[in-house]
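Please work through the exercises below with the sequence and the coordinates at hand. Each task is followed by a worked solution.

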Amino acid sequence: MAQLKTLKLADYLPLLRLALKEDLGRDGDLTTRFFVPADTRLKGKIVSREHGVICGLKIAVAAFKACDRRVKLRLLVKDGARVRPGQEVMTVSGGRAILTAERTALNFLQRLSGVASATRRYADRVRGTRAKILDTRKTLPGWRALDKYAVACGGGVNHRMGLYDAAMVKDNHYQGKNLEQGVRLLRCAHPKIPLII
């Protein structure tokens, strides 16, 4: 069971595209199109409002770039960094499409930073012990890699990615019979897969 230390494009690009399509609909960003002149140049910054752990910067960058390829971005922290209220996380400058991308970028950043921050609070509470904060498979469909990455950024440990990388026999699998046979069959077919009973 590997720790998810980085995100691949395939982990988030389909979700990002879906989020932008959902937000833009058929007619696009009407407010920006009709109320912000096409030649407008904008600058902005993303600032933490509270103490926490930042996570999802790569996706936020991709959201801005999806709406304006020429946007200029500067990351001031890395995923997994602790942040304080008022701390700048990212600066952005470019055309009016920054306004189009802003909410989608923040949605990913806020959710993943929330997961990383909550995980960090628990991990800090068990620091100095042998306890580890493990995640589960209870994630939103399509968000598993992102949520597990956020847990890792927050100091937690990825327990397993899915049903395929470990066997975990619980009371609803084990009815008092065939345990030994199941173990033997698993070990023959997948000798290196972790087995948790």
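The exercises that follow concern a predicted model and treat its core, its strands, its surface and its charged pairs.

**Exercise 1. The largest nonpolar core**

Task: Determine which residues touch the most other members of the largest nonpolar core, and which elements supply the core.

Solution.
Step 1. The core holds 39 residues, and those touching the most other members are F64, V89, M90, F108 and L146.
Step 2. At least two residues of this core come from each of α1 (9-24), α3 (57-67), β5 (88-94), α4 (97-125) and α5 (144-153).
Step 3. Helix α4 provides the largest share, with 8 residues.
Step 4. For F108, neighbours within four places in sequence are set aside; the remaining contacts are L15, L16, A19, C55, I59, W143 and L146.
Step 5. As background, nonpolar side chains in soluble globular proteins tend to be buried together.

**Exercise 2. The packing of helix α3**

Task: List the buried residues of α3 and state which elements they pack against.

Solution.
Step 1. Burial requires a relative accessible area under 20%.
Step 2. In α3, L57, I59, A60, V61, A62, A63 and F64 are buried.
Step 3. The packing partners of these buried residues are α1, β1 (42-47), β3 (72-75), β5, α4 and α5.
Step 4. One of the buried residues, F64, is also among the core residues that touch the most other members.

**Exercise 3. Strand pairing around β5**

Task: Establish in what sense β5 pairs with β1 and with β3, and identify a residue standing opposite M90 and one standing opposite T91.

Solution.
Step 1. Strands β1 and β5 are antiparallel, paired over 6 bridges.
Step 2. In this neighbourhood, M90 of β5 has I46 opposite.
Step 3. Strands β3 and β5 are likewise antiparallel, with 4 bridges between them.
Step 4. Here T91 of β5 has R74 opposite.

**Exercise 4. A glycine after β5**

Task: Decide whether G95 is buried or exposed, and describe its surroundings.

Solution.
Step 1. G95 lies in the loop between β5 and α4.
Step 2. G95 is counted as buried because its relative accessibility is 8%, and the cut-off for burial is under 20%.
Step 3. Beyond neighbours within four places in sequence, G95 contacts T40, R41, L42 and D68.
Step 4. R69 is 26 residues from G95 along the chain, and their C-alpha atoms are 10.0 Å apart.

**Exercise 5. A nonpolar patch on the surface**

Task: Which residues form a nonpolar patch on the surface, and how is F34 classified by accessibility?

Solution.
Step 1. The patch consists of L30, F34 and F35, which together have about 380 Å² of accessible area.
Step 2. F34 belongs to helix α2 (residues 30-35).
Step 3. F34 is classed as exposed because its relative accessible area is 57%, and the exposed class begins over 50%.

**Exercise 6. Salt bridges in different surroundings**

Task: State how many salt bridges are counted, then classify the partners in R26–D27, R127–D124 and K148–D135 by accessibility.

Solution.
Step 1. The count is 7 salt bridges. In general, side chains of opposite charge can pair when their charged atoms come close.
Step 2. R26 and D27 are joined at 3.6 Å, N to O. R26 is exposed at 78% relative accessibility, whereas D27 is partly exposed at 40%.
Step 3. R127 and D124 are joined at 3.3 Å, N to O. R127 is exposed at 59%, and D124 is partly exposed at 24%.
Step 4. K148 and D135 are joined at 2.7 Å, N to O. This pair links distant parts of the chain, with K148 in helix α5 and D135 in the loop between α4 and α5, 13 residues apart. K148 is buried at 1% relative accessibility, and D135 is buried at 9%.
Step 5. Through shared partners, salt bridges join R82, R120, D124 and R127 into one network.

**Exercise 7. Two lysines**

Task: Classify K138 and K148 as buried or exposed, and give their separation in sequence and in space.

Solution.
Step 1. K138 is situated in the loop between α4 and α5.
Step 2. With a relative accessible area of 77%, K138 is exposed, whereas K148 is buried at 1%.
Step 3. The two lysines are 10 residues apart in sequence and 10 Å apart in space, C-alpha to C-alpha.

Technical notes:
Residues are numbered from 1 along each chain as its sequence is written. This is a predicted model: local features need pLDDT of at least 70, side-chain atom pairs count only at pLDDT 80 or more; totals for chains, interfaces and linings use all residues. Side-chain values use heavy atoms; hydrogens and water are left out. A nonpolar core is a set of buried Ala, Val, Leu, Ile, Met, Phe, Trp, Tyr and Cys residues joined through side-chain atoms within 4.5 Å. Buried means under 20% relative accessible area, exposed over 50%, partly exposed in between (1.4 Å probe, protein chains only). Contact means heavy atoms within 4.5 Å. Patches are made of residues with over 30% relative accessible area and no salt bridge: like charges are joined within 9 Å, nonpolar side chains (Val, Leu, Ile, Met, Phe, Trp, Tyr) within 5 Å. Accessible areas come from the Shrake-Rupley method with a 1.4 Å probe; for residues, only the protein chains shown count as cover. A salt bridge is a side-chain nitrogen of Lys or Arg within 4 Å of a carboxyl oxygen of Asp or Glu. Two strands pair if DSSP finds at least two bridges between them.
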